[in-house]
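Take a minute to turn the model around on your screen before reading on. We'll go through it one piece at a time, starting with a single helix and ending with the empty spaces.

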Amino acid sequence: MSAQAASGELGATGAIVETMIPRRLDRLPWSRWHWLVVFGLGITWILDGFEVTLVGAIASVLTKPDTLHLSTQQASSAGTWYLLGAIGGALLFGYLTDRLGRKRLFMVTLGVYLVFTVCTAFAWNFWSFAMFRVLAGAGIGGEYAAINSAIDELIPARVRGRVALAINGSWWFGTAFAAFLSYEFLNHIRETISWRLGFGIGAILALGILSIRRFIPESPRWLLTHGRADEAEQIVARIEDEVRKEHGELPEPEGEPLRIQQREHIGFVSIAKYVIKNYPARGVLGLSLMSGQAFLYNAIFFTYTLVLSDFFDVKAEKAPLFLIPFAVGNIAGPLLLGPLFDSVGRRIMISSTYIISGVLLIVTGVLFTHDALSASTMTLCWCVIFFFASAGASAAYLTVSELFPLEARAMAIALFYSVGTGIAALSPTLFGHLIATHSRTNVNYGYLLGAGLMIGAGIVAAVLAVPAERRSLEDIARPFTAVRDRVTGKVAPAPAHAR
């Protein structure tokens, strides 16, 4: 059951090892150790939700003469700058995550976010604010690749879907917290400093998370494929010891051992060719899902307080309160629908959540255009739409993280996140221009575009989604370093005497 070198066999670049490590991790019962992983890594989404909401909530305030005195277009484009930074950070840190390891990078990326969030609090004009948003976004973009990789590789297969959705859905806890905090700051503290204090709170949260992450190990799966099988074995043994303290004797792992050719470094070009050749349909699926949800969320959320102020005469100081019920719908979706992604299956749930949210957005846009909604009823509509959209969006991150080989997992997440977000990065700026026209019809054109992207992605998922529920990552996508049988071409199991 341990990772051990197959006697006398050497590949071109390293030893071939036979291992049950992935099976051993997947068979573990849920324990306090898994909760540590969830809180230590998953809280990243709370930070991101906090950041995005804070900027959206204070957008109207930043246009006032005694703050940064931004134009409406500049205030709405702050989200675009943040997203551009996230795209660059995802690509850079995603590559480094696959090359240098999950743990090293999820400490670095959080540090980058922390430093430049503090800097944002001291911005003095539009360009300094935009620059610091780019750099803070780079840290969060890197987090997406490092954290999703680590979570998927440490969480048992049978609950991977619901856990991933719940963690990604936790983004909205940050949203609710930022909305409440923004309301309190804007109403009880001078607006010249209230918006600055919010970014300071984000930095304090990040500092607390860094202390928790020290106790989370490197991914044994990553170590196994990078010439560090002994270290992977030691980490898994420690995890099993922790779980035994809570559950006693552990069940035997199921399935065949894997045979892995260890390499210290795997070139990105080699991995890219491998993924393109073997998984083109999964590439189309990942791009469709990420683009659809990114446009919808970035367009709606970064500019919602501007819509409330311009079309419903909601005061800037009260606008953040409307984001709290909006956040509740987004939290409830992944939590309540998440288990169905493991039981009913990925294909049905992903396609249905995307299509339903798109159809509901079309209905809401029509009602908005005909002035049939108040600020409260429009917020209620968003709650219902994003109950489904939030589950679908969380599943998009799950999909791109579990459908590609271990060696390319972080880079795949980074690539699809970057391309999808890049396509949608200008959506806050686009909506800012549409809102500035003061035309409900023009704003609805943006809603219709978002709805079309969501429905289109849902149709793609109905055709191309992979039944990954309750399956080991190695069974869904064969590792690049897995050894194939020379005769059958299939992944070679370990010899009988080694099982």
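Which residues of α19 are buried? Keep in mind that this is a predicted model, and then find the helix that runs over residues 440–464. Its buried residues are R440, V443, N444, G446, Y447, G450, A451, M454, A457, G458 and A461. And what do they pack against? Their partners are α12 (280–301), α13 (304–312), α15 (346–369), α16 (375–402) and α18 (427–436).

You can also check the length of α19 yourself. It has 25 residues, and at 1.5 Å a residue the helix should span 36 Å. The C-alpha atoms at its two ends are 36 Å apart, so the expected span and the model agree.

Now zoom out. The protein has 20 helices and three strands. Of its 499 residues, 61% are buried. Contacts tell you something about the fold too: take those between residues at least 6 apart in sequence, and 85% of them join residues at least 24 apart.

Let's pick out one residue from helix α15, namely R346. Is R346 buried or exposed? Its relative accessible area is 2%, and anything under 20% counts as buried, so R346 is buried. Leaving out residues up to four places away in sequence, R346 touches R160, G161, F341, S351, L398, E402, V466, A468 and E469.

Next, the cysteines. A disulfide is a covalent bond between the sulfur atoms of two cysteines. How many disulfides does the count come to? The answer is zero. Take C383 as an example: the nearest cysteine sulfur belongs to C381 and is 9.1 Å away. A disulfide needs the two sulfur atoms within 2.5 Å, so C383 is in no disulfide. C383 is buried, with a relative accessible area of 13%. C119, on the other hand, is partly exposed, with a value of 24%.

Finally, the empty spaces. Rolling a probe the size of a water molecule over the atoms shows where empty space is left. Start with the largest pocket, which holds about 400 Å³ of space. It is lined by 20 residues, and the closest to its centre are W35, V38, A166, I167 and L335. Three elements each give two or more residues to this lining: α2 (32–58), α6 (160–169) and α14 (323–343). The largest share comes from α2, with six residues. Sorted by class, the lining of this pocket has 15 nonpolar residues, four polar and one charged.

What about cavities? A search of the whole structure turns up five of 30 Å³ or more. The largest cavity has a volume of about 320 Å³. Among its 23 lining residues, Y144, W171, Q293, Y297 and Y397 are the closest to its centre. At least two lining residues come from each of α2, α3 (72–100), α6, α7 (171–188), α12, α16 and α17 (409–424). Here the largest share, five residues, belongs to α12, a helix you already met as one that the buried residues of α19 pack against. The classes in this cavity lining are 15 nonpolar, seven polar and one charged.

How values were computed: Residues are numbered from 1 along each chain as its sequence is written. This is a predicted model: local features need pLDDT of at least 70, side-chain atom pairs count only at pLDDT 80 or more; totals for chains, interfaces and linings use all residues. Side-chain values use heavy atoms; hydrogens and water are left out. On a 1 Å grid over the protein atoms alone, a cavity is a set of points where a 1.4 Å probe fits but cannot get out, and a pocket is an open set with protein on both sides within 12 Å along at least five of seven lines; lining residues have an atom within 4 Å of a point. Grid points are joined across faces, edges and corners, and a volume is the space filled by probe spheres set on the points. Helices (H or I, at least four residues) and strands (E, at least two) are DSSP runs, numbered from the N terminus. Ala, Val, Leu, Ile, Met, Phe, Trp, Tyr, Cys and Pro count as nonpolar, Asp, Glu, Lys and Arg as charged, and the others, Gly among them, as polar. The expected span of a helix is 1.5 Å times one less than its number of residues. Buried means under 20% relative accessible area, exposed over 50%, partly exposed in between (1.4 Å probe, protein chains only). Contact means heavy atoms within 4.5 Å.
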